[in-house]
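Please examine the sequence and the three-dimensional structure shown here. The explanation below them proceeds from the general arrangement to individual residues.

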Amino acid sequence: MHDTKERLSLLWLFAFLNYLYADVLALWAMAGSRISVKLPPWALMGSAVLMEIPIAMILLCRLLPFRANRLANIIAGCVLTLVNGFLTFVPPLAGWGRPPAFAEYLFFATIETVCTLVIIWQAWTWSGVEVRIGTLEDAVKTTA
């Protein structure tokens with residue numbers, strides 16, 4: 001796989017599946033505990049918006065032109081890295097809830113953070129040269 005669009009799309013899919021499975025494990029843990037957690041509608045809507053970002057980026061990586069694609073990946077990667085880092089590490093350290101998160105949730109959060117940092121790096125270092133070469137190759141194929 002040499003195309004940066006493909007690589008970024010695959011990284012977003014990987015990140016999304018990790019977010020999804022970590023949330024499934026957290027829900028199973030909450031369902032098995034005696035603590036009743038009722039999330040307010042704004043929290044549910046916020047989590048829906050956050051999860052839509054990697055879902056949309058899987059598709060947008062393939063469809064957006066170079067400049068918009070690069071910018072969207074940097075912005076989405078930064079937003080999810082900051083939110084994930086804040087939600088995972090700040091509340092336990094600041095004493096805003098239970099002690100440190102479950103080990104498996106910290107495991108997934110670390111993988112997710114590394115993945116979004118790789119996405120940011122890939123987008124940041126992505127040059128337009130690859131795009132121009134790909135366009136030139138497509139033009140040669142259509143004339144041959």
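The following paragraphs describe the overall fold, the core, one helix, and then several residues.

The model is a predicted one. The protein contains five helices and zero strands, and from the N terminus on its elements follow the order α-α-α-α-α. Of the 144 residues in the protein, 27% are buried. When contacts between residues at least 6 apart in sequence are considered, 81% of them join residues at least 24 apart.

The interior may be considered next. In soluble globular proteins, nonpolar side chains tend to be buried together. Here the largest nonpolar core comprises 15 residues, and those with the most contacts inside it are Leu 8, Trp 12, Tyr 19, Met 57, Cys 61, Cys 115 and Ile 119. At least two residues of this core are supplied by each of helix 1 (4–32), helix 2 (41–63), helix 3 and helix 4. Helix 1 provides the largest share, six residues. Ile 119 illustrates how such a residue is surrounded: leaving aside neighbours within four places in sequence, Ile 119 is in contact with Leu 8, Leu 11, Trp 12 and Asn 73.

Helix 2 deserves separate attention. This helix has 23 residues and spans 32 Å from its first C-alpha to its last, which is close to the 33 Å expected at 1.5 Å a residue. Helix 2 nevertheless has a kink of about 30 degrees, centred on Met 57. Met 57 is also buried, as are Met 51, Pro 54 and Cys 61 in helix 2. An α-helix has 3.6 residues a turn, so residues three or four places apart point the same way. The buried residues of helix 2 pack against helix 1 and helix 3.

A polar residue in helix 4 offers another view of the interior. Glu 112 lies in helix 4, and Glu 112 counts as buried because its relative accessibility is 4%, under the 20% cut-off. Not counting residues up to four places away in sequence, Glu 112 touches Ala 15, Asn 18, Tyr 19, Ala 22 and Asn 84. Tyr 19, one of these partners, is also among the core residues listed above.

The aromatic rings come next. A pair of aromatic rings is described by the distance of the centres and the angle of the planes. The structure holds three aromatic pairs. In one of them, Phe 66 and Trp 126 meet edge-to-face, with 5.1 Å from centre to centre and 85 degrees between the planes. This pair links distant parts of the chain, 60 residues apart: Phe 66 belongs to helix 3 (residues 66–94), whereas Trp 126 sits in the loop between helix 4 (103–125) and helix 5 (128–143). Both Phe 66 and Trp 126 are buried. Elsewhere, ring pairs join Tyr 21, Phe 107 and Phe 108 into a cluster.

Trp 126 leads to one further residue, Arg 70, which is found in helix 3. Arg 70 is classed as partly exposed because its relative accessible area is 26%, between the cut-offs of 20% and 50%. Not counting residues up to four places away in sequence, Arg 70 touches Ala 123, Trp 124 and Trp 126. The side chain of Arg 70 reaches the backbone oxygen of Trp 126 at 3.3 Å. Arg 70 and Thr 125 are 55 residues apart in sequence, and their C-alpha atoms are 9.2 Å apart in space.

Note on methods
Residues are numbered from 1 along each chain as its sequence is written. This is a predicted model: local features need pLDDT of at least 70, side-chain atom pairs count only at pLDDT 80 or more; totals for chains, interfaces and linings use all residues. Side-chain values use heavy atoms; hydrogens and water are left out. Rings of Phe, Tyr and Trp (its six-membered ring) pair if their centres lie within 6.5 Å; planes under 30 degrees apart count as stacked, over 60 as edge-to-face and the rest as tilted. Helices (H or I, at least four residues) and strands (E, at least two) are DSSP runs, numbered from the N terminus. Buried means under 20% relative accessible area, exposed over 50%, partly exposed in between (1.4 Å probe, protein chains only). Contact means heavy atoms within 4.5 Å. A nonpolar core is a set of buried Ala, Val, Leu, Ile, Met, Phe, Trp, Tyr and Cys residues joined through side-chain atoms within 4.5 Å. The expected span of a helix is 1.5 Å times one less than its number of residues. The bend at a residue is the angle between axes fitted to the seven residues ending there and the seven starting there. A polar contact is a pair of N or O atoms within 3.5 Å; within protein, one must be able to donate a hydrogen and the other to accept it, and residues adjacent in sequence count only if both atoms are side-chain atoms.
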